[in-house]
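This report describes the fold of a single protein chain and then turns to one of its helices and one of its loop residues. The structure and sequence are shown below.

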Amino acid sequence: MEQYIDGYLLSVPQANIEAYRKMAELAGSIWLEHGALEFRECVADDIDGEGFASFSAAAGARAGETVVFSWIAFASKAERDRINAKVMADPRLNSMSCEGVFDFKRMCWGGFATLVGKTARPQ
């Protein structure tokens, strides 16, 4: 069975990237501790190429904001559901607040079944 991925797309004020990074580091540790396989938080560097749809528009980025693209990998959807239940009950996550760092209501989230999955072989 292929991995299951939770994906996120959000806008973060550029002035808050360091605060967001600190939140993401703690959140990532919590997800991995409870069994996630991978946790990634990526900040926009080279987006919105001519002739393509805009990541900035998709994320609803406003002036002074940058785009963050994130994902968490799980062994399966059932594992995702089990792990997320534990994460959501974890007091460390519950003590975190995104208020003042980014607008949680503007974040896009979705669960994705793997269609194609490949990784590089170690050399």
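Helices and strands are here DSSP runs, of at least four residues for a helix and at least two for a strand, numbered from the N terminus. On that basis the predicted model contains four helices and four strands. Along the sequence they follow the pattern β-α-β-α-β-α-α-β. The protein has 123 residues, of which 33% count as buried, and its C-alpha trace spans about 40 × 40 × 30 Å along the principal axes. Of the contacts between residues at least 6 apart in sequence, 84% join residues at least 24 apart.

**The sheet and helix 1**

The four strands form an open sheet with antiparallel pairing, in the order 2-3-1-4. Strand 2 (38-43) and strand 4 occupy the edges; each has a single partner strand, so one side of each is left without a neighbour in the sheet. On average, neighbouring strands are turned by 15° against each other, direction ignored. Six bridges join strand 2 to strand 3 (residues 65-74) in the antiparallel sense, and Cys42 stands opposite Phe69 of strand 3. Helix 1 (residues 17-33) packs on this sheet, where it touches strand 1 (4-13), strand 2 and strand 3. The direction of helix 1 makes about 170° with that of strand 2.

**Helix 3**

Helix 3 (residues 77-89) comprises 13 residues. From its first C-alpha to its last it reaches 18 Å, close to the 18 Å expected at 1.5 Å a residue. Its buried residues are Arg80, Ile83, Asn84 and Val87. Viewed down the axis of helix 3, these buried residues fall within an arc of 105°, so they line one face of the helix. An α-helix has 3.6 residues a turn, so residues three or four places apart point the same way. The cover over the buried residues of helix 3 includes strand 1, helix 1, strand 3, helix 4 and strand 4. Ala78 and Ala89 are exposed and lie on the face of helix 3 turned away from its buried side.

**Arg106**

Arg106 is located in the loop between helix 4 (91-94) and strand 4 (108-113). Which residues are in contact with Arg106, leaving aside its neighbours within four places in sequence? They are Leu9, Ser11, Ala59, Gly60, Ala61, Arg62 and Glu65. The distances that involve Arg106 are collected in the table.

| Part of Arg106 | Partner | Distance |
|---|---|---|
| Polar atom of the Arg106 side chain | Backbone oxygen of Gly60 | 2.6 Å |
| Side chain of Arg106 (polar contact) | Side chain of Glu65 | 2.8 Å |
| C-alpha of Arg106 | C-alpha of Gly60 | 7.4 Å |

Gly60 and Arg106 are 46 residues apart along the chain. The side chain of Arg106 thus has a polar atom 2.6 Å from the backbone oxygen of Gly60 and also makes a polar contact with the side chain of Glu65.

How values were computed
Residues numbered from 1 in each chain as written. Predicted model: local features only at pLDDT ≥ 70, side-chain atom pairs only at ≥ 80, totals over all residues. Heavy atoms only, no water. Polar contact = N/O pair within 3.5 Å; in protein donor to acceptor, adjacent residues only side chain to side chain. Contact = heavy atoms within 4.5 Å. Pairing = 2+ DSSP bridges. Axes fitted to C-alpha atoms, helices over the stretch in contact; angles between N-to-C directions. Expected span 1.5 Å × (residues − 1). Buried < 20%, exposed > 50% of the residue type's maximum accessible area, 1.4 Å probe, protein only. Arc of directions from axis to C-beta.
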